[in-house]
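Welcome, and please have your viewer ready. We will go through this model one selection at a time, starting with the term we need for the stops ahead.

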Amino acid sequence: MGKTADLTAVQKAIIDTLKREGKTQKEISERIGCFQSAVSRHLSGKSVGRKKCGKKRCTTRRGDRTLRKIVD
């Protein structure tokens, strides 16, 4: 399964506005074009941004500068 895109700030604002107007989660999801589960997670406060992906750095930025000085 691939990752899906996070909700944008605009989509989150629309979700909040439509919920205040009394729309259901299904109506909101159909209107903004996302899954109902994404709307549910946003409204319950369980939606968090993605964690960083990729390999962690082995050296610090300071270490990188030092290595550059040694190589030059």
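Contact here means heavy atoms within 4.5 Å. With that in hand, select S29, and show what surrounds it. Leaving out residues up to four places away in sequence, S29 touches C34, F35, Q36 and V39. Keep in mind as you look that this is a predicted model.

**The whole chain**

Now zoom out and colour by secondary structure. The protein has 4 helices and 0 strands, and reading from the N terminus the order is α-α-α-α. Switch on a surface if you like: about 6600 Å² is exposed, and carbon and sulfur atoms supply 54% of that. Of the 72 residues in the protein, 15% are buried. Among contacts with a separation of 6 or more, 44% join residues 24 or more positions apart.

**Back to S29**

Return to S29, which sits in helix α2. Is S29 buried or exposed? Its relative accessibility is 7%, and the cut-off for buried is under 20%, so S29 counts as buried.

**The core**

Next, select L7, I15, L18, I28, I32, C34, A38 and V39 and show their side chains. These 8 residues form the largest nonpolar core. Helices α1 (9-20), α2 (25-32) and α3 (36-44) each contribute at least two residues to this core. As general background, nonpolar side chains in soluble globular proteins tend to be buried together.

Stay with one member of that core, C34. You will find C34 in the loop between α2 and α3. Which residues does C34 contact, apart from its neighbours within four places in sequence? They are L7, S29 and V39. Now draw a distance from the C-alpha of C34 to the C-alpha of D6: these two residues are 28 apart along the chain, and the atoms are separated by 9.9 Å.

**Where α1 meets α2**

Show α1 and α2 together. Two packed helices are described by the angle between their axes and the distance between the axes. For α1 and α2, the axes come within 10 Å and cross at roughly 145 degrees, and the crossing is right-handed. To see the contact itself, select Q11, I14, I15, L18 and K19 on α1, then I28, R31 and I32 on α2. This set divides into 5 nonpolar, 1 polar and 2 charged residues. I15, L18, I28 and I32 may look familiar, as they are among the core residues you selected earlier.

**Where α2 meets α3**

Hide α1 and bring in α3. Here the axes of α2 and α3 come within 8 Å and cross at roughly 115 degrees. The crossing of α2 and α3 is right-handed. Which residues meet here? From α2, pick Q25, K26, I28 and S29; from α3, pick Q36, V39, S40 and L43. The residues of this contact divide into 3 nonpolar, 4 polar and 1 charged. S29 appears again here, and Q36 and V39 are among the residues S29 touches.

**Last stop: S37**

Finally, select S37 in helix α3. At 36% relative accessibility, S37 counts as partly exposed, whereas S29 counts as buried at 7%. For a closing distance, pick the C-alpha atoms of S37 and Q25: they lie 8.5 Å apart in space, while the residues are 12 apart in sequence.

Definitions and conventions
Residues numbered from 1 in each chain as written. Predicted model: local features only at pLDDT ≥ 70, side-chain atom pairs only at ≥ 80, totals over all residues. Heavy atoms only, no water. Core = buried A, V, L, I, M, F, W, Y, C linked by side-chain atoms within 4.5 Å. Buried < 20%, exposed > 50% of the residue type's maximum accessible area, 1.4 Å probe, protein only. Areas by Shrake-Rupley, 256 points an atom, 1.4 Å probe, with all protein chains shown as cover. Axes fitted to C-alpha atoms, helices over the stretch in contact; angles between N-to-C directions. Left-handed = near helix turned anticlockwise from the far one by under 90°. Nonpolar A, V, L, I, M, F, W, Y, C, P; charged D, E, K, R; others polar.
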